[in-house]
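Subject: Structure handover

Hello,

Here is the structure for you to look over. My notes follow below it.

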Amino acid sequence: MAFDIEMIKKVYAGMATKVEKTRALLGRPLTLTEKILYTHLADGVPASAYKRGESYVNFNPDRVAMQDATAQMALLQFMQAEQPKVAVPSTVHADHLIQAKVGANNDLATAEITNKEVYDFLSSVSNKYGIGFWKPGAGIIHQVVLENYAFPGGMMIGTDSHTVNAGGLGMVAIGVGGADAVDVMAGMAWELKFPKLIGVKLTGKLNGWTSPKDIILKVAGILTVKGGTGCIVEYFGEGATSLSCTGKGTICNMGAEIGATTSTFGYDESMERYLRATSRADVADAANTVKDCLNADAEVYANPEKYFDQVIEIDLNTLEPHLNGPFTPDKATPISKMKEEAEKNGWPLKIDVGLIGSCTNSSYEDISRAASIAKQASDKKLTAAAEFKITPGSELVRYTIERDGLIATFNTMGGEVYANACGPCIGMWARAGAEKQEKNTIVHSFNRNFAKRADGNPNTFAFVGSPELVTALAIAGNLGFNPLTDTLTNANGEQVKLDEPTGYELPPRGFAVEDAGYQAPAADGSGVKINVSPSSDRLQLLEPFSAWDGKNITGAKLLIKAKGKCTTDHISMAGPWLKYRGHLDNISNNMLIGAINAFNDEANKVKSQLDGKYYEVPVAQRAYKAAGVSTVVVGDHNYGEGSSREHAAMEPRHLGVKAVLVKSFARIHETNLKKQGLLGITFANEADYDKILEDDTLSFLDLDQFAPGKSLQLELAHANGTKEVIVVNHSYNSQQIEWYKSGSALNLIKLQK
């Protein structure tokens, strides 16, 4: 029996009636996205339709998922909410804190020792509040969710941007900050601006070397890293139904890389097969009773331009395998053009490492197709020219591929299996020699490839591709190798060509596992004690942020003007800093250390207006805070792109930053700033970014009149004595302004108890 089957049946029981009411309200056929959103409204079907991209709407998600790095802060906040138990089914997954270094068994054993305090905390908090806990080694959150919790037509939020992976099973699954998760776990509605809709019509069928990964790599090239912002992407067409469920998951997973709120697919036979294969026949049976509610109305897909805000069409028959990168996941290059592009741009052709797996591509289908290429290497007397690493997505997958001999196949070509965890994908990779910062190339099947992300080396050129393409490139050791046309020289001096990959959608002998790694919570956790040592450097109980005094922010100094791409990795790095995710003061020592200062093109070096000297960003900010001086951070477009980590908002809030002023925000980060009581604003005129000077003093003239839809006046006082006023915008609604007034959304929850 599936987890929470009664909850799922309850969702389905009321779905048809709600869909019919929504269809009557809108007076037209419905997209799948609309059906899911309107059936999860906190206040029922409204009197009038919501406006896409404008209306703020309250939803009741069905469940919450948290990974261990973000769960620490989320649960520390939930403890402040003073609730006896979570109001919706929730889980914690210990996947982020395991460093990949020497191999699965040793790395897991090391992690269980070094992270014992954190794991004990998460285990006990989960036990106390009725939260399911997936222990270290159980697998990566998104793969485990797909295998156990995702269900067609459901709505889920998760404290990780790749929560969207569950769209592969027909959910609307959305990445959020921990404060959003706290709201839902505390039984409150969750707010979201009603998204716009992008329809992606897939025609034809994948063939040869092309995989589901190539679909999202192509979409990323079309939409760019911010083209999906504020939108839900709905895939449909004959090409969509021809994909496996886990292939759909891969596509939805990387929707985070185009800034999309989430992505989803309609319920079909591949989803039913996957549900039954993962011991959830009861969910499949229940879903079959409401099939019409789990797909868009036929008229929508017949004339998509009438129902979506944007429509993209991709012919899978002609789609070519892609490699995206380096340094950004939307720089899309067909494999036939990669050699030319690499030579033109000076990208290192020699591949040092190929890595497959992660939450994005670690299904049985992915691994079996990659293994078919690895087996060819052995059969055709080829040896891998690059190192090769495999990261299984879950213990269920790892145990099954070991049973079926696929791990042995990878070992034959020199492959090394890491623990069932995030590992290199999120920077938890102790890569030998990375500290030398040598220029090099790696290829991987992960989702992100920002500078420094995998190994901390800014000179590692990382390219994203499918597991089978990555495997072929690791064998060739050359970025310009095209397996569709090129040959390799084997041990006998012969020219051999790799055949097209083959694999299985699902394991022919079924999935198997001895210990999946799940810990069920106590039926009554009221007696469970949570201990956090005051001297711990890993965990720190939270103190509420102070409420706004209702006055204008005046005399603020510029902390940093960030130039170009400034992701959450730049604002709050992962890698070695992950160990401080439960200690706000300690992790604040990484605040904005990766951001590039527009005035000197250097990272982590800003001028302090207290003494005119240059300091590391956190050092400068702590000095401002000690002196009682307010500060402002200025940024470029899509500020806060990437992870859902709310630390990127909590750190500046904790250290005394008063406002973040940018050209545009990534959705999750903007919400996180609002939730933590920090003022997030945008330039009304983007060219005003250039008016901000290094020694400026900034003062708000009318923040004391803060109101929805009302622009603000910001005075810039320059060091030469001149002043000018610019206009800045905000997207705060009445509820969000109350968060700001209270000091944080959590403060408001406590006030309303």
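The lining of the largest pocket divides into nine nonpolar, 14 polar and 10 charged residues. Keep in mind that this is a predicted model. The pocket is lined by 33 residues in total. Lys 193, Thr 229, Phe 665, Glu 670 and Ser 731 lie nearest its centre. The space in the largest pocket comes to about 780 Å³. Four elements give two or more residues to the lining: strand 7 (190-193), helix 24 (667-675), strand 27 (679-683) and helix 25 (734-742). Which of them gives the most? Helix 24 does, with five residues.

Next, strand 2, residues 63-67. Five of its five residues are buried, so strand 2 is largely enclosed by the rest of the structure. Arg 63, Ala 65 and Gln 67 point one way from the strand. Val 64 and Met 66 point the other way. Both sets are buried.

Strand 2 has two partners to look at. Strand 5 (residues 155-158) pairs with strand 2 in the parallel sense, over three bridges. There, Arg 63 has Met 156 as its bridge partner. Strand 3 (residues 90-93) also runs parallel to strand 2, and four bridges join the two. In strand 3, Ala 65 is matched with Thr 91 as bridge partner.

Helix 15 covers residues 335-345, and its buried residues include Ile 335, Met 338, Glu 341 and Ala 342. Why do they sit on the same side of helix 15? They cover an arc of only 100 degrees around the axis, which puts them on that one side. The general rule is that an α-helix has 3.6 residues a turn, so residues three or four places apart point the same way. Glu 343 and Lys 344 are on the other side of helix 15, and they are exposed. What covers the buried residues of helix 15? The cover includes strand 12 (322-324), strand 13 (332-334), strand 18 (460-464) and helix 19 (467-476). Just after helix 15 comes Gly 346, with a positive phi of about 75 degrees.

The loop between strand 12 and strand 13 has some backbone detail to check. Pro 326 is placed in this loop. The peptide bond from Gly 325 to Pro 326 is cis, with omega near 5 degrees. Phe 327 is in the loop between strand 12 and strand 13 too. Phe 327 is not a glycine, yet its phi is positive, about 70 degrees. Its relative accessible area is 25%, so Phe 327 counts as partly exposed.

Asp 4 is another residue other than glycine with a positive phi, near 55 degrees. Asp 4 lies in the segment before helix 1 (5-13). Is Asp 4 buried, partly exposed or exposed, and what is its relative accessible area? Asp 4 is partly exposed, at 28%.

One last residue: Glu 269, in helix 12 (residues 269-277). Glu 269 counts as exposed because its relative accessibility is 60%, and the cut-off for exposed is over 50%. Glu 269 and Ala 284 are 15 residues apart in sequence. In space they are 9.7 Å apart, C-alpha to C-alpha.

Best wishes

How values were computed: Residues are numbered from 1 along each chain as its sequence is written. This is a predicted model: local features need pLDDT of at least 70, side-chain atom pairs count only at pLDDT 80 or more; totals for chains, interfaces and linings use all residues. Side-chain values use heavy atoms; hydrogens and water are left out. On a 1 Å grid over the protein atoms alone, a cavity is a set of points where a 1.4 Å probe fits but cannot get out, and a pocket is an open set with protein on both sides within 12 Å along at least five of seven lines; lining residues have an atom within 4 Å of a point. Grid points are joined across faces, edges and corners, and a volume is the space filled by probe spheres set on the points. Ala, Val, Leu, Ile, Met, Phe, Trp, Tyr, Cys and Pro count as nonpolar, Asp, Glu, Lys and Arg as charged, and the others, Gly among them, as polar. Buried means under 20% relative accessible area, exposed over 50%, partly exposed in between (1.4 Å probe, protein chains only). The arc is that of the directions from the helix axis to the C-beta atoms. Contact means heavy atoms within 4.5 Å. Two strands pair if DSSP finds at least two bridges between them.
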